[in-house]
Amino acid sequence: MARLDGGARSWRNWSRTATAAAARFWRPADADDVARAVRWAARHGAAVRAVGGGHSFTDCAVTDGVLLNLDEIAGVERVERRPDGTADVTVGAGTRLHALNRALADLGLAMANLGDIDQQSIAGAISTGTHGTGLAFGGLATQVVGLRLVTADGETREVDAGRDPELFEAARLGLGAFGVLVAVTLRAVPAFGLLAREEVADLDEVLDNLDGPDGPDGWVATTDHVDTYWFPHTRRALVKRNSRVPLADLDDLPSLPAARRWLDDELLANGVFELTNRLAAAAPRAVPAINAFAARALSDRTYAAPSPEVFASPRRVRFREMEYAVPREALRDVVGELDAWLRRTREPVPFPVEIRFAAADDVWLSTAHGRESAYVAVHQYWRMPHERWFDAAEAILAGADGRPHWGKLHGLDAERLAPRYPRFDDARRVRARVDPEGRFANAYVDRVLGAVGA
Ligand SMILES: Cc1cc2nc3c(=O)[nH]c(=O)nc-3n(C[C@H](O)[C@H](O)[C@H](O)COP(=O)(O)OP(=O)(O)OC[C@H]3O[C@@H](n4cnc5c(N)ncnc54)[C@H](O)[C@@H]3O)c2cc1C
């Protein structure tokens with residue numbers, strides 16, 4: 001119990017939208033420590049939440065009970081190679097994605113797809129449905145083939161498609177409501193490279209090209225990973241099209257000189273972007289001109305690198321975000337409605353709207369469950385009010401049968417979420433079975449899943 005000796009502590013998330021005053025803040029070193037913490041909480045009638053990188057925008061990790069930081073439960077535990085070149089890799093649940101990417105690369109492996117930063121823990125990332133982009137690829141939870149978790153009775157369980165498959169399905173994207181994950185087994189793929197093509201283009205042209213003039217032959221269908229950033233109040237969008245290439249081909253493809261990477265990814269994307277956002281906060285009426293300048297400052301580039309270097313970028317400008325997964329075919333209409341609202345209200349929004357794609361999957365609480373999805377994310381600089389913009393975007397995106405990212409700001413509750421998820425009631429049933437007293441409940445989980453037993 002030596003490591004469970006921390007006292008009360010306050011905590012806040014990256015975007016400064018959530019704070020917690022936890023009665024106990026502990027850093028368990030293994031599953032036994034976690035089990036002891038859960039039993040201690042049961043004896044004292046306290047709730048338990050785990051926290052990863054604190055990169056969720058919602059209050060999903062908040063508790064006034066026991067807050068567990070799993071940074072010490074990290075690293076590769078086991079690698080099982082498979083005949084097709086993939087491998088099942090078991091890692092500590094607190095492993096940060098940047099460390100995971102390095103460890104997998106040392107094994108000649110990689111995550112099949114990633115989001116656009118690598119600061120999250122693997123447990124935190126899968127628990128809220130973190131995703132990247134690519135119509136042939138699911139979110140990170142689809143890459144999970146097994147879990148070890150400590151449930152409310154203090155037992156440590158191994159679950160997968162064969163052992164308690166219902167708990168596995170619920171807990172691999174489970175908002176921390178089914179237990180504390182201590183290990184995650186991922187299906188990793190052979191390491192690969194990405195050839196990145198980034199260009200700034202007219203928004204209408206981009207929307208035409210995403211799906212192609214005749215539908216299925218556009219960029220989204222023909223390129224592995226397509227990511228679009230549209231600058232509000234302008235018709236300009238930055239499109240990133242990444243194609244998978246064998247690692248061995250990287251030597252023959254253009255690389256990004258370190259100086260150019262620093263200029264683009266640090267100076268322009270962070271340093272100058274912070275300044276333009278501060279200017280926007282001080283002079284909101286100048287936002288259309290600022291956005292036009294920002295869109296012009298970007299230049300086209302083509303380069304290739306190992307996949308984690310292309311997927312993830314440093315994000316140092318703090319912001320708030322809301323993101324919805326809408327049926328892919330609704331994309332054009334919702335972008336049109338967002339644009340119309342911005343034109344009508346002239347709401348100052350200096351941050352781009354991001355558009356990504358994902359395959360349909362079968363994870364119970366996945367935002368892409370059962371349908372090909374377009375993800376539409378709206379952002380706001382953290383020093384500027386986001387409420388009017390996010391409320392308007394939510395009305396449009398939720399109105400298009402959208403499903404909100406579980407880790408990003410949104411206003412839906414269990415009543416409005418349930419009809420959007422065919423397996424919602426199954427997840428609630430499993431939660432009532434493994435956590436009948438709501439040991440892992442908090443205000444957020446109770447809002448979005450409903451209180452246990454309700
Ligand atoms: C700059 C930035 C960029 C982002 N980019 C993307 C992106 O590209 N794609 C995307 O989909 N999302 C993105 N996100 C959102 C982010 O990936 C998710 O919110 C993710 O959950 C954060 O992971 P984390 O480790 O910080 O988890 P936290 O925010 O710390 O926790 C998330 C949830 O997981 C639970 N949890 C954490 N650890 C455990 C555990 N061991 N057992 C059980 N439950 C646990 C917590 O209680 C909480 O409910 C981004 C966020 C930021 C701030």
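In the predicted model, glutamate 372 and arginine 328 form a salt bridge, with 3.0 Å between the closest N and O atoms. The two residues belong to distant parts of the chain and are 44 residues apart. Glutamate 372 is located in the loop that runs between β17 (353–358) and β18 (373–381), whereas arginine 328 is located in the loop between β16 (319–327) and α10 (331–345). Over the whole structure, the search returns 40 salt bridges.

The domain assignment divides the chain into domain 1 (9–69), domain 2 (76–191) and domain 3 (193–404). The centres of domain 1 and domain 2, computed over C-alpha atoms, are separated by 20 Å. At the interface of these two domains, 14 residues of domain 1 are in contact with 17 residues of domain 2. The area buried between domain 1 and domain 2 is about 1,000 Å², and carbon and sulfur atoms account for 67% of it. Zero salt bridges are found across the interface of domain 1 and domain 2, but three residue pairs, both residues at pLDDT 80 or more, are in polar contact between the two domains.

On the side of domain 1 that touches domain 2, α1 (31–44) and β4 (48–51) each contribute at least two residues. The largest share of this side comes from α1, which supplies five residues. By residue class, the side of domain 1 that touches domain 2 is made up of eight nonpolar, four polar and two charged residues.

The ligand has 36 residues around it, of which Ala50, Gly52, His55, Ser56 and Thr128 come nearest. Oxygen atoms of the ligand also lie at short listed distances from polar protein atoms. In the case of arginine 49, a polar side-chain atom is 3.0 Å from a ligand oxygen atom. For cysteine 60 and serine 121, the protein partner is instead a polar backbone atom. The distance from a ligand oxygen atom is 3.1 Å for cysteine 60 and 2.8 Å for serine 121.

Terms used: Residues numbered from 1 in each chain as written. Predicted model: local features only at pLDDT ≥ 70, side-chain atom pairs only at ≥ 80, totals over all residues. Heavy atoms only, no water. Domains from an automatic or database assignment. Contact = heavy atoms within 4.5 Å. Buried area = accessible area lost by both parts, 1.4 Å probe. Salt bridge = Lys/Arg side-chain N within 4 Å of Asp/Glu carboxyl O. Polar contact = N/O pair within 3.5 Å; in protein donor to acceptor, adjacent residues only side chain to side chain. Helix = DSSP H or I, 4+ residues; strand = E, 2+ residues; numbered from the N terminus. Nonpolar A, V, L, I, M, F, W, Y, C, P; charged D, E, K, R; others polar. Near = heavy atom within 4 Å.
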